[in-house]
Amino acid sequence: FALYYMLGFCAGILYANLFAKEYIISMGILSEYFLNQYSADDIETAEYLWYVVRIRMAPVLLLGALGCTRLRKGVVAAFILWTGFSSGLLFTSAVIKMGVKGIILCLIALIPQFLFYAAGYLALLWYLYTYPQIRWNLTKTVIFLLLLAVGMLLECYVNPVLMQLFIRTL
């Protein structure tokens, strides 16, 4: 898994530096204006929670559906490669736009929910990759859903506060 992720991460860094650098420089998502708007806005937490549930459950459902096919190992590899690519692209974009502060912003944007998402996804991906040697059961289902639910709650209730505190110190 680590090899797939690092290959994707390196590909994301290369893509950002070789092909998307001008686009990254021109985009406004990490601009000072955007960050000031984010820190000044009040987030409707209940509305944001339902948005996060929809966004976070889509990959789970897609992985679950594709994991029931003969392509499950390829799907797992592709998912991890894409996750690595996205991470490399995101971190490189943040460095291009903000320097070291961009890396810190990305890390704060991922904490604390990332720990729970990562644990849940690793369990699911490991199961899909090692099937049929490992069986899925009710306990794994409950733990997986609990990890995702805690991650979503942290993303909606804790992360915006951490992000706003950090952005205000910039």
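**Notebook: helix α9 and Ser87**

I looked up helix α9 (residues 159-169) and found its buried residues to be Asn159, Pro160, Met163, Gln164, Phe166 and Ile167. They span an arc of only 165 degrees around the axis, so they sit on the same side of α9. The arc is taken from the directions from the helix axis to the C-beta atoms. Buried means under 20% relative accessible area, exposed over 50%, and partly exposed in between (1.4 Å probe, protein chains only). Helices are DSSP runs of H or I with at least four residues, numbered from the N terminus.

I noted that the model is predicted: local features need pLDDT of at least 70, side-chain atom pairs count only at pLDDT 80 or more, and totals for chains, interfaces and linings use all residues. Residues are numbered from 1 along each chain as its sequence is written, and side-chain values use heavy atoms, with hydrogens and water left out.

Next I checked the other side of α9, where Arg168 and Thr169 are exposed.

What covers the buried residues of α9? I found that the cover includes α3 (32-40), α4 (45-66), α6 (100-110), α7 (113-130) and α8 (138-157).

Then I took the pair α8 and α9. They pack at an angle of about 35 degrees, with axes 4 Å apart. Leu154, Glu155, Cys156 and Tyr157 of α8 make the contact with Asn159, Pro160 and Val161 of α9. Contact means heavy atoms within 4.5 Å.

Last, I looked up Ser87, in helix α5 (residues 72-98). Ser87 is buried, at a relative accessible area of 14%. Leaving aside neighbours within four places in sequence, Ser87 is in contact with Tyr5 and Phe9.

Definitions and conventions. Helix = DSSP H or I, 4+ residues; strand = E, 2+ residues; numbered from the N terminus. Axes fitted to C-alpha atoms, helices over the stretch in contact; angles between N-to-C directions.
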